[in-house]
Amino acid sequence: MCGIVGWVDFGDGVGSNTHVLDIMTDAVACRGPDGRGRYITHPVALGHTRLAVIDLADSHQPMEVSLPDGRSAVLTFNGEIYNFRALRRELQDRGHRFQSSGDTEVVLRAYLEWGQQCVDRLHGMFAFAVWDNRKQELFLARDRLGIKPLQFVRVGKSVIFASESKSLLLHPAVRPVVDLDGLREVFSMARIPGATVYADIDELPPGTTAIVGPAGMATRRYWQLSYAEHCGGLADTVEDIGSILTDSVQREMVADVPVALLLSGGLDSSTLTAMAAMHPGSARVRSMTVTYAGYQDNFRADLVRSAPDDQYARDVARHVGSDHTEIVLDSAELMDPLARLAVLQAQDKPTPFGDMDTSTYLAFKSVREQCAVALVGEVADEIFGGYSWVHIPDLADQPIFPWVGFEQWHPGTRNGLGRSLFDPGLMNKLDFDTYYGDNYRSALTEVNGPADENAADRRAREVCHLHLTRWLPMLLDRIDRLSGACGLEVRVPYCDHRLVEYLYNVPWGQKTHDGREKSLLRSVAKPLLPHAVLNRPKSPFPVSQDPAYGVGLYRALNDVLSDVDSPVTALLDRHSCREAVKSGLSEPQDWLFRMNAEMVLQVNAWLQAYHIQLAI
């Protein structure tokens, strides 16, 4: 986990102002608390903040390497390359002489050896920029699934880039303008690749590189989901998945700092924890669980949560012998205005997820007090078929994003997640039916498969593709920003591109062979986990069920409505807001309805803190 910033200016006035580079770098200082550096020479400026995870004493950035033949390049890099040791040996065999022992120099020398094609050899999560002194070009690259972020702004013949929007918004050439497309991205539950909420800012899509030179910017897609025939039977498939996932976990446990497993007691994180505990030569695995004060006593089952997490997590910790910690949060912490503002500023945009975001941020802060790296179980649902809407034909088979269909089906989100309290005229102008329809049809054009694929397998492939390209980016952004704000590196073993590629092509019959969600993962985990955990129904991240939190939330909404200077009020349906306050104070625990209030509060804070210029 690091922060990268910079620009290349081929004559349009972006310049090489040291002060501007410094303040842009300051904005991502939380991502890299262990060091910072800059490199400035016309026409390029590069900045970096470092979280030291591998090769703690060396690997400072921006890093420059010169070869005997006169070629030289400078790198600012964010991420981890899990096969860096094998690449290092290959590069040494080709004559490279290393000055450090980490993965940073491996990335830079890989570029000097193989040019743009270096990304094909990198296994891991990464976003980086290389300035090639001989070619006078800037090379930008992002990992296959988009685990690490990379955003940019084009200004004439110049390109400004950074890990996060907040850095770019500090450059004098960039304005905080949000138009209708930007608001669609704010409220959307399906990302458009390359889009951000800001009119001036684009994102380098996952699996993409770019070359920026005097003639302009050219991008290249180097990886995408693609069809390959799956030949193995069920037993072979389970064995293959177990082998890939075990290797992924063991690679991602490598660090020169303490590593933790975030353990919910669900199938996904429990499997990773059990596999990590088998890591050869490792110390006792650390596991950590998030819960709320009084959660066990006050728990009420809802549509997606049948039981609290903490007891299941304890069972797993005892079973694998991990050093287990419970992180307990209370409602006062979740409603703390400073914590809520920190969550907004971490993500540079509002979300309706409220206490889920705040609790995740606070949990990451607590983890960071003991460890600099954490492994999480996200992305298993996307690749193994874990979401409920995948298994409901009326949702999975309709021509729409299945999770959007689920959203429209449930009374609490029927008007759109977090959108119910906003002005219907504004929502009509945003026209989400057309927006989602266009995005959905565009996504389907990217899906490839055999001409004779049966209907069930074809639809399963389409839904998997939709999840990985339109849903997953939101999830990965959230994890990256909230962990980055705490200086914690979060790793995602299920996002290993080898595992994603393999599972993309497994027939639906094998993915559901026991008639349940995530059948294949359950088969892999069967020898590793207690029976109760192995057969536990899917349960998403917990939300607070403390009535005091809901009461505080609706009181805060009432305060916003009563303040004539609240910028969000011009965007609201005030009658619906007043009714929401009344019903919310009497029934404050309904988390789906609560999301509407959360979104109003977040949008209001965002408009104020970011001085947003609405162009609608």
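**A walk through the predicted model**

Seven of the seven residues of strand 1 (residues 2–8) are buried, so strand 1 is largely enclosed by the rest of the structure. The model is a predicted one. Both faces of strand 1 are covered. On one side the buried residues are Cys 2, Ile 4, Gly 6 and Val 8, and on the other they are Gly 3, Val 5 and Trp 7.

Strand 1 also has pairing partners. Seven bridges connect strand 1 with strand 3 (residues 44–50), and the two run antiparallel. A further four bridges connect strand 1 with strand 9 (residues 158–162), again in the antiparallel sense. Val 8 can be used to follow both pairings: in strand 3 it stands opposite Val 44, while in strand 9 the bridge partner of Val 8 is Val 159.

These pairings belong to a sheet. Strands of a sheet pair through backbone hydrogen bonds, either parallel or antiparallel. Here six strands form an open sheet, with antiparallel pairing, in the order 2-3-1-9-8-11. Its edges are strand 2 (35–41) and strand 11 (202–203), each of which pairs on one side only. At the strand 11 edge, two bridges join strand 11 to strand 8 (residues 151–155), and this pair is antiparallel. Within the pair, Phe 152 has Asp 202 of strand 11 as its bridge partner.

The helices come next. Helix 6 covers residues 234–252, which is 19 residues. From first C-alpha to last, helix 6 reaches 27 Å, close to the 27 Å expected at 1.5 Å a residue. Its buried residues are Thr 237, Val 238, Ile 241, Gly 242, Ile 244, Leu 245, Ser 248, Val 249 and Glu 252.

Two other helices can be described as a pair. Two packed helices are described by the angle between their axes and the distance between the axes. For helix 5 (residues 180–187) and helix 17 (residues 432–444), the angle is about 80 degrees and the axes are 11 Å apart. Angles of 65 to 115 degrees count as roughly perpendicular, and helix 5 and helix 17 are therefore roughly perpendicular to each other. On the helix 5 side, the residues that meet helix 17 are Leu 183, Arg 184, Glu 185 and Phe 187. Their counterparts in helix 17 are Phe 432, Tyr 435 and Tyr 436.

Two single residues remain to be placed. Ser 287 is found in strand 15 (residues 286–292). Ser 287 counts as buried because its relative accessibility is 0%. The side chain of Ser 287 makes a polar contact with the side chain of Ser 322, at 2.7 Å, and another with the side chain of His 324, also at 2.7 Å. Neighbours within four places in sequence aside, the residues in contact with Ser 287 include Leu 261, Leu 263, Thr 273, Ala 317, Asp 323 and Thr 325.

Gln 370 lies in the loop between helix 12 (354–368) and strand 17 (373–375). Its relative accessibility is 38%, so Gln 370 counts as partly exposed. Apart from neighbours within four places in sequence, Gln 370 is in contact with Pro 258, Arg 286, Met 288 and Thr 325. Thr 325 is also one of the residues in contact with Ser 287. Finally, Gln 370 and Gly 32 are 338 residues apart in sequence, and their C-alpha atoms are 16 Å apart in space.

Notes
Residues are numbered from 1 along each chain as its sequence is written. This is a predicted model: local features need pLDDT of at least 70, side-chain atom pairs count only at pLDDT 80 or more; totals for chains, interfaces and linings use all residues. Side-chain values use heavy atoms; hydrogens and water are left out. The expected span of a helix is 1.5 Å times one less than its number of residues. Buried means under 20% relative accessible area, exposed over 50%, partly exposed in between (1.4 Å probe, protein chains only). Two strands pair if DSSP finds at least two bridges between them. A polar contact is a pair of N or O atoms within 3.5 Å; within protein, one must be able to donate a hydrogen and the other to accept it, and residues adjacent in sequence count only if both atoms are side-chain atoms. Contact means heavy atoms within 4.5 Å. Axes are lines fitted to C-alpha atoms, for helices over the stretch in contact, and angles run from 0 to 180 degrees between N-to-C directions. Angles under 35 degrees count as roughly parallel, over 145 as roughly antiparallel, 65 to 115 as roughly perpendicular and the rest as oblique.
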